[in-house]
Amino acid sequence: MKTIRIYSDYICPFCYIGKVLADRLGSELNLPIEWLNIEIHPDTPPQGRSIHELFPPHIVQGMYENLNQMGTTLGLKFVAQDRLSNSHTAILVGEYIHLHHPDQENGYHDAVFKAYFSEGKDIGKREILSDLLQELEIDPKVLPTALNDIAAQTRMQENAQTAIENGVTGTPTFFICNERVVGAQPYPSLLDAARRALGLEAADPNVLPILKG
């Protein structure tokens with residue numbers, strides 16, 4: 001299957017980087033992209049929780065310094081987060097848009113990532129998501145509709161199940177023509193992996209290996 005499938009969560013900062021990389025890769029190699037959104041911290045309460053419950057302050061500080069170094073070359077800015085949002089509703093809305101408004105899906109992904117990581121907004125709050133939909137000129141009624149949409153709920157559950165079946169243990173995880181690449185690797189490495197998966201050139205021994213899913 002000549003496509004890029006990506007397991008991702010809106011609260012994963014490396015997925016924000018991964019989206020920029022995937023967009024470039026898909027454009028360069030003319031490959032469609034399918035986002036498979038999963039909750040990496042499904043136990044997070046609806047109101048969110050302190051990120052320091054998961055990581056000590058020095059780890060968080062170092063992570064954001066690293067993220068901004070990586071993001072600078074990609075035009076991304078990361079604002080240090082004190083709280084981890086609950087991403088369930090944002091993902092459910094994303095699945096609804098994927099199913100019913102596919103032409104607006106890419107813009108929605110960009111907007112949610114930017115709101116959370118660059119603007120420090122709590123994407124677990126429905127009013128924040130409603131504002132994002134309005135900014136994207138998507139009918140805000142999509143939000144309450146998505147919460148009760150069986151197809152969107154089913155797809156979200158299927159994403160979680162196939163992630164387990166495919167051995168996904170972290171995000172972002174890319175499947176390029178059924179070959180697995182884990183993490184937001186430097187673009188040259190990701191491009192080399194994709195070209196090898198497509199049989200376009202021999203593998204470069206200096207690039208990290210692709211693990212078969």
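**Notes on helix 7 and its surroundings**

1. Start with what packs over helix 7: the cover on its buried residues includes strand 1 (4-8), strand 2 (33-37), helix 3 (88-100) and helix 6 (142-147). Keep in mind while reading that this is a predicted model.

2. Now the helix itself. Helix 7 runs over residues 150-165, and at 1.5 Å a residue its 16 residues should span 22 Å; the end C-alpha atoms are 22 Å apart, so the geometry agrees. Which residues of helix 7 are buried? They are Ala 152, Arg 155, Met 156, Asn 159 and Ala 163. Those residues sit on the same side of helix 7, because they cover an arc of only 100 degrees around the axis. Turn to the other side and you find Ile 150, Gln 157, Ile 164 and Glu 165, which are exposed.

3. Both ends of helix 7 deserve a quick look. At the N-terminal end, Asp 149 acts as a cap, with a side-chain oxygen 3.3 Å from the backbone nitrogen of Ala 151. Just past the helix, Gly 167 adopts a positive phi of about 70 degrees. Further along, in the loop between helix 7 and strand 5, comes Pro 172. The peptide bond leading into Pro 172 from Thr 171 is cis, with omega near -5 degrees, so keep that in your notes if you script over the backbone torsions.4. Helix 3 gets the same length check. Its 13 residues should span 18 Å at 1.5 Å a residue, and the end C-alpha atoms are 18 Å apart, which agrees. The buried residues in helix 3 are Thr 89, Ala 90, Ile 91, Leu 92, Val 93, Gly 94, Glu 95, Tyr 96 and Ile 97. Covering them are, among others, strand 2, helix 4 (105-118), helix 5, helix 6 and helix 7.

5. Asn 37 is a nice place to see how these pieces meet. The residue belongs to strand 2. Is Asn 37 buried or exposed? With a relative accessible area of 1%, Asn 37 is buried. Leaving out residues up to four places away in sequence, Asn 37 touches Ser 8, Tyr 10, Ile 91, Glu 95, His 109 and Asn 159. Two of these partners are worth a second look. Ile 91 is 54 residues from Asn 37 along the chain, yet their C-alpha atoms are separated by 6.2 Å. With Glu 95, the side chain of Asn 37 makes a polar contact of 3.0 Å. Asn 159, also on the contact list of Asn 37, is one of the buried residues of helix 7.

6. On to the nonpolar packing. How many residues does the largest nonpolar core have? There are 55, and Leu 25, Tyr 108 and Ile 176 have the most contacts inside it. Beyond its neighbours within four places in sequence, Ile 176 is in contact with Thr 3, Ile 4, Leu 25, Leu 31, Leu 190, Ala 194 and Ala 197. Apart from that core lies another one, of six residues, including Tyr 7, Leu 36, Ile 38 and Phe 175.

7. The hairpin comes next. Strand 5 (residues 173-176) pairs with strand 6 (residues 179-182) in the antiparallel sense, over four bridges. Within that pairing, Phe 174 has Val 181 of strand 6 as its bridge partner. Two residues lie between the strands of this hairpin, and Cys 177 takes a positive phi near 55 degrees there.

8. There are two more backbone spots to flag, both in loops. Asn 30 has a positive phi near 55 degrees, and it is not a glycine. Asn 30 sits in the loop between helix 1 (13-29) and strand 2, and its relative accessible area of 68% makes it exposed. Glu 137 is the other one: its phi is positive, about 60 degrees, although Glu 137 is not a glycine. The loop that holds Glu 137 runs between helix 5 and helix 6. Is Glu 137 buried or exposed? At 74% relative accessibility, Glu 137 counts as exposed.

9. Last, a residue close to the cut-off. Ser 130 is part of helix 5 (residues 126-135). Why does Ser 130 count as buried? Its relative accessibility is 19%, and buried means under 20%. Not counting its neighbours within four places in sequence, Ser 130 is in contact with Pro 140 and Leu 143.

Notes. Residues are numbered from 1 along each chain as its sequence is written. This is a predicted model: local features need pLDDT of at least 70, side-chain atom pairs count only at pLDDT 80 or more; totals for chains, interfaces and linings use all residues. Side-chain values use heavy atoms; hydrogens and water are left out. The expected span of a helix is 1.5 Å times one less than its number of residues. Buried means under 20% relative accessible area, exposed over 50%, partly exposed in between (1.4 Å probe, protein chains only). The arc is that of the directions from the helix axis to the C-beta atoms. Contact means heavy atoms within 4.5 Å. A polar contact is a pair of N or O atoms within 3.5 Å; within protein, one must be able to donate a hydrogen and the other to accept it, and residues adjacent in sequence count only if both atoms are side-chain atoms. A nonpolar core is a set of buried Ala, Val, Leu, Ile, Met, Phe, Trp, Tyr and Cys residues joined through side-chain atoms within 4.5 Å. Two strands pair if DSSP finds at least two bridges between them.
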